[in-house]
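Could you walk me through this structure, beginning with its overall division and ending with its backbone details? I would like to follow along in the viewer.

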Amino acid sequence: MRKEKEEVLENYNNYVIGSYTRSGIVFVKGKGSYLWDIDGKKYLDFFPGWAVSGLGHCHPAIVEAIKKQADQLIHIANNHYHPWQGLLAKKLSEISFGGKVFFCNSGAEANEGAIKLTRLYGKKKGRYKIISMENSFHGRTLATVTMTGQAKYSKPFEPLPAGFSSVPFNNFEALKSAVDGETAGIIIEPVQGEGGINVAEKEYLKDVRDLCNEKDILLMFDEVQTGFGRTGKLFAYQNFDIVPDIMTLAKTLGGGFPIGAMIAKKEVADLMVPGTHASTFGGSPLACAASLAVIETIEKDNLLENVNVMGNYLYQKLLALKEKHPLVKKVKGLGLMLAMELDGEGNWLVNLCAEQGLLINCTQGNIIRIMPAITVNENEIDEGMEILDRCLGARK
Ligand SMILES: Cc1ncc(COP(=O)(O)O)c(C=O)c1O
């Protein structure tokens, strides 16, 4: 191992808290769909930053916006105004459902905001409970990890905050029976990411929306992973002909720069008055400038069209791999949020692909997540699928 790499690993081992499983690769440069490690090896990245680098690594428009903004103004505390937060909020409101926005720095923080807002809303009727879906993922803070419908993430931290329960996904009867007089909100990922790329059924979401209307319950969509074109629409809810009351965003929102947001319908949002919620770094000039560049690029470069065309192309390629390799049981997903379900554990495939220069992800033990940048092109997909084909063939 080269001395430079040894030094990086040593620093991590000695000084960084070991809460992550790491690949052992040290990356030093990125451009578009590609990354380079410290030894100069090139990788095709089909899981860029867990959907953070949704427009690819170091997109020139985002780099330019960050550089320009850093020269002018980096941070302003939220007891003052600056132009870019208002501009971004206006833009997010216009491209979604016309709500108002609270800015923060991550997906978990956006969901925390949604939990607090839902509790404020429920208060007048003595309601505080939130129902989430089994196999969901909403973050790692104490409340969001409790709301996450996977006990493995929350169990070590018991006792957990009160008022959270989860029900099977896409099962309306189970949800309906879980609702009681204290239910204030329901949270759903329209496509479950970490849970294994499970797409919500249209009829199910329509029933959930009707139930929420009937019972005066807030419907929250966690679009932290699905937002900004990933599913072929700007926001995944737009695939389902319904509108949530609250939507949470992060990941691609900043194109690599940390920013999270919670958008809520105006009448709900207005319950957050001074003193109810805050985030010191939330909505800084630098984060907002990066985010404005992300949205402008998606619109200017017609990237939603690219997601639909490339999503279909990749889906067909994955289906062809399924025909060829009996190990692949199923192909699923929406837009460029795709997965292969394997007959058996899949970490070996992720590791082998990485050795061969392709980065993908395995979740839930046997679901191979493939979520390239929404700027991906046909040549890159062909290159990635050749590697995947070769690696799948290595284990007959
Ligand atoms: C759907 C969803 N919600 C919330 C989160 C948490 O986001 P963060 O890690 O930025 O706190 C994630 C992260 O993977 C996610 O996929």
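Here is a guided tour, from domains to single residues.

Please keep in mind that this is a predicted model. The protein chain falls into two parts, with domain 1 covering 3-59 + 302-393 and domain 2 covering 61-300. Taken over C-alpha atoms, the centres of domain 1 and domain 2 are separated by 25 Å. Where they meet, 27 residues of domain 1 are in contact with 26 residues of domain 2. On the side of domain 1 that touches domain 2, the elements giving two or more residues are H11, S13, S14 and S17. Of these, H11 gives the most, with five residues. By class, the residues on this side of domain 1 divide into 15 nonpolar, ten polar and two charged.

Helix H11 deserves a visit of its own. Spanning residues 303-324, H11 has 22 residues and reaches 31 Å from its first C-alpha to its last, close to the 32 Å expected at 1.5 Å a residue. Leu303, Val307, Met310, Gly311, Leu314, Lys317 and Leu318 are the buried residues of H11. These residues cover an arc of only 140° around the axis, which puts them on the same side of H11. Turn the helix to the face directed away from its buried side and you will find the exposed residues Glu305, Gln316 and Glu323. The cover over the buried residues of H11 includes helix H10 (285-300), strand S13 (328-334), strand S14 (337-342), strand S17 (367-370) and helix H13 (378-393).

Now look at helix H1, residues 3-15. Its 13 residues should span 18 Å at 1.5 Å a residue, and the end C-alpha atoms of H1 are 18 Å apart, which agrees. How many of the 13 residues of H1 are buried? The number is zero, so H1 lies largely in the open.

Next comes the ligand. There are 15 residues around the ligand, and Ser106, Gly107, Ala108, Gly139 and Val224 come nearest. Helix H4 (residues 107-122) gives the most to this shell, with three residues. Sorted by class, the shell has five nonpolar, seven polar and three charged residues.

Two of the residues that come nearest to the ligand, Ala108 and Gly139, also appear among the contacts of Thr144. Thr144 is found in helix H5 (residues 142-147). Is Thr144 buried or exposed? Thr144 has 28 other C-beta atoms within 10 Å, so it is buried. Leaving aside residues up to four places away in sequence, Thr144 touches Ala108, Asn111, Glu112, His138 and Gly139. Pro274, by contrast, lies 130 residues from Thr144 in sequence and 23 Å from it in space, C-alpha to C-alpha.

Let us finish with some backbone details in loops. Glu158 and Pro159 are joined by a cis peptide bond, with omega about 5°. Pro159 is found in the loop between helix H6 (151-154) and strand S6 (164-167). Asn135 is not a glycine, yet it has a positive phi of about 70°. The place of Asn135 is in the loop between strand S5 (129-133) and H5. Asn135 has 19 C-beta neighbours inside 10 Å and so counts as partly exposed, since 20 would be needed to be buried. Phe228 also has a positive phi, near 65°, and sits in the loop between strand S10 (218-222) and strand S11 (246-249). Phe228 counts as buried because it has 30 C-beta neighbours inside 10 Å.

How values were computed:
Residues are numbered from 1 along each chain as its sequence is written. This is a predicted model: local features need pLDDT of at least 70, side-chain atom pairs count only at pLDDT 80 or more; totals for chains, interfaces and linings use all residues. A residue is near a molecule or strand if its C-beta atom, placed from the backbone, lies within 6 Å of it. Helices (H or I, at least four residues) and strands (E, at least two) are DSSP runs, numbered from the N terminus. Ala, Val, Leu, Ile, Met, Phe, Trp, Tyr, Cys and Pro count as nonpolar, Asp, Glu, Lys and Arg as charged, and the others, Gly among them, as polar. The expected span of a helix is 1.5 Å times one less than its number of residues. A residue is buried if 20 or more other C-beta atoms lie within 10 Å of its own, exposed if 12 or fewer, and partly exposed in between; C-beta atoms are placed from the backbone. The arc is that of the directions from the helix axis to the C-beta atoms. Two residues are in contact if their C-beta atoms, placed from the backbone, lie within 7 Å. Domain bounds come from an automatic or database domain assignment.
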